Amino acid sequence: MKKSSFWLGAFGAFAILLMVAQAKVLINAAGATFPYPIYGKWFEEFAKVDPDAQINYQSIGSGGGIRQFSEGTVDFGASDMPMTDEQIGKFKSKPLHFPTVLGGIVPTYNIPGVTQELKFTPEALAGIYLGKIKKWNDPELTKANPGVKLPGNEIVVVHRSDGSGTSFVFTDYLSKVSPEWKSKVGASTSVSWPTGLGDKGNEGVAGIVKQTPYAIGYVELIYVLQNKMAYGSLRNAAGVFLKADLESVTEAAASAAKSMPTDFRVSITNAPGKKAYPIATFTYLLIPSKIEDQGKKKAIVTFLHWMLTDGQKYAAALGYAPLPKDVVGKEEKQIALIQ
Amino acid sequence: MSAPPPAGARALFLRLRSGDEVARLITLAFASSILLVTVGLVYQLWVTSSLPRHKFGFGFLTSSMWNPVTGQFGALPFIYGTVFTSAIALLISVPLGVGAAIFLAELAPPRISSTFTFFIELLAAVPSVIFGVLAIFTLVPLMRDYVEPFLKKTLGGLPIFSGPVFGFGYLTAGVILAIMTLPFVISISREALLEVPTEQREAALALGATRWESTWQAVVPYARLGIFGSIFLGLARALGETMAVTMVIGNDPTIHASLFAPGYTIAAIIANEFSEATGDLYLQSLVELGLVLFLLTIVINALARLLIIATTRRGSAQP
């Protein structure tokens, strides 16, 4: 008798737990690692705004995010690069891309004896990564850096070894500024690098560069800001040498906004504006255009509105460049497309 | 009309009750689960790599092109890197490891031996990523500033000691793998040497052998199988090691003859590119690399076993 009442009690408690859990809308998402710190913050803060919704995010990488999203194992995905037409073709109803924040990519280097900040032309950067510019005192580099005594040592080129959105954006930029890069290498999360050493993650690339004399690498702006590393400036499409910061990265999206397609699937590297930093990128949330579950739909729509307004205020403190106003306005319109 | 229970069933019941049969069945189930997992693994790798298998065929094994942009995938640079780094590792760790084991088992005073053994077992338990971090901060600068320039200066005429020096590359990966396989080689070789009966040593000494002659000619050959076993276990670790290798090998999917050049291994590229692999062909090519690593391990193990059989025959033929 005692035993059965215990089981009854346990069952009752379990049923109540289940009901409590039912009341909350659980949303699963997966994808890019680059925006994970801000997404984590957003989902935590959003739980206070809408206590009924709980969003779980797994930072498994953009490729994994797109894969899980197209298999329908998550409610929405996240990616550093837009989905290709082929990937979208697998969906019954076209998924929507929502840019969330922006990131920039900067060249970082280690040249013993050189303390000045280096200026890079697009030709110099492409030449170095193609393996054509082999020495630091190459005319392409000395021409852009008058007054800097560049040594004649060989450049040790460092790139990412893991597939990454960072490499995608960097190679996308090189493809735009160098026809040779476009035909020989192309743009992807992993490419067949013509030269150099690879290492995993921003920390890996930064680690090799820091340790290896005469090395050059590319890392995310957020990484150099957090670690207070030195990095070079880059000549943008308008011919101005710019050092990346949050404003110049946001400006890249703003100057590209006029010609932006309605689905936001666009590369904003080499953007036309005078104040626009040339290697900038959106990172996206991938949202289905049809959400059957009304509870989930309401939570996701509320979140998107919140992310575009209050959510943007968290970006700068975490090292992400916030979206420009024009883009926010366009995205607000896109939310209405969710059925 | 109720028939008595058949004698066979009763016997089975009794056997089950005694426990022996139950234990046999349960342990059998455990043992067959290993087989099941292996078969399941191969099946899954085979099925999930169907796209590149059909597209590239055997060309996958012989092509040295790895270009996700154009969708061309070949395994050769990775097979080469895996075998090359593991070979460097064994070349270093086997003489060192077996030598250390001989000292610990045969020559060292018991107290020193047990202290050393404790540290060796500690070394075996260190996670590989820790070795990787240590390698980046200590081994790589050491190789770049001292070891590789020295080798280049003295032996630079040979193609394997030529080319620019980065500190990242096959040699550094091989050395870190040697450090990681060393505890396995020492630990298991030592156990094998300790298993050798005292009579074996006494007989050799009684025949007038010196301490070293008895160790080298009577004890070590007797423990041969265990020592080989330790080498294979080390080799298995070297072939499949991922984190520490990818942190120091330079991750360049090109075949280089030079020990100083950057390379790539199968495990390293799977770890690096899997999470961001977009497109089915790309993803499945990475899975096929997993299959290749599996087959490589089997082939190398089979060769190793053949080697054992050959040396055992030769050994037993001797008086």
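The legends below walk through several close-up views of this predicted model.

**View 1. Confidence across the model and along chain B.** As a predicted model, the complex comes with an ipTM of 0.77 and a pTM of 0.82. Chain B has an average pLDDT of 89, and 95% of its residues score at least 70. Where along chain B is confidence lowest, and where is it highest? The low end is helix α1 of chain B (residues 7-18), with a mean of 72, while the high end is helix α5 of chain B (residues 76-107), at 95. Take a moment as well for residues 315-319 of chain B, where pLDDT stays under 50. For that stretch the model has 2 contacts beyond four places in sequence.

**View 2. The two domains of chain B.** Chain B splits into domain 1, covering 8-47, and domain 2, covering 56-317. Taken over C-alpha atoms, the centres of domain 1 and domain 2 of chain B are 35 Å apart.

**View 3. Where chain B meets chain A.** Here 22 residues of chain B are in contact with 27 residues of chain A. Which elements of chain B give two or more residues to this side? They are β1 (66-67), α7 (128-155) and α13 (266-273) of chain B. Of these, α7(B) provides the largest share, with 3 residues. Sorted by class, the side of chain B that touches chain A holds 11 nonpolar, 8 polar and 3 charged residues.

**View 4. The eight-stranded sheet of chain A.** This open sheet of chain A has 8 strands in the order β2-β1-β3-β11-β4-β8-β6-β7, and its pairing is mixed. The edges belong to β2 (53-59) and β7 (197-199) of chain A; each has a single partner strand, so one side of each has no neighbour in the sheet. On average, neighbouring strands of this sheet are turned by 25 degrees against each other, direction ignored. Moving inward, strand β4 of chain A (residues 96-110) and strand β8 of chain A (residues 215-220) run antiparallel and are joined by 6 bridges. To find your place along this pair, look for Y109(A), which stands opposite I216(A) in β8(A).

**View 5. The three-stranded sheet of chain A.** Another open sheet in chain A has 3 strands in the order β5-β9-β10, again with mixed pairing. Its edge strands are β5 (119-120) and β10 (241-242) of chain A, each with a single partner strand, so one side of each is left without a neighbour in the sheet. β5(A) pairs with strand β9 of chain A (residues 233-235) in the parallel sense over 2 bridges. A handy landmark is K119(A), opposite S233(A) in β9(A).

**View 6. Helix α12 of chain A between sheet and helix.** Helix α12(A) lies across β1 (25-31), β2, β3 (76-79), β4 and β11 (280-287) of chain A, and runs at about 60 degrees to β1(A). Helix α12 (residues 294-308) of chain A also packs with helix α13 (residues 325-335) of chain A, at an angle of about 170 degrees and with the axes 10 Å apart. That angle makes α12(A) roughly antiparallel to α13(A). From α12(A), the contact is made by V301(A), L304(A), H305(A) and L308(A); from α13(A), V328(A), E331(A), E332(A) and I335(A) take part. By class, this helix contact has 5 nonpolar, 1 polar and 2 charged residues.

Notes:
Residues numbered from 1 in each chain as written. Chains lettered and ligands numbered in written order. Predicted model: local features only at pLDDT ≥ 70, side-chain atom pairs only at ≥ 80, totals over all residues. Axes fitted to C-alpha atoms, helices over the stretch in contact; angles between N-to-C directions. Helix = DSSP H or I, 4+ residues; strand = E, 2+ residues; numbered from the N terminus. Parallel < 35°, antiparallel > 145°, perpendicular 65-115°, else oblique. Contact = placed C-beta atoms within 7 Å. Nonpolar A, V, L, I, M, F, W, Y, C, P; charged D, E, K, R; others polar. pLDDT = per-residue confidence, 0-100. Domains from an automatic or database assignment. Pairing = 2+ DSSP bridges.
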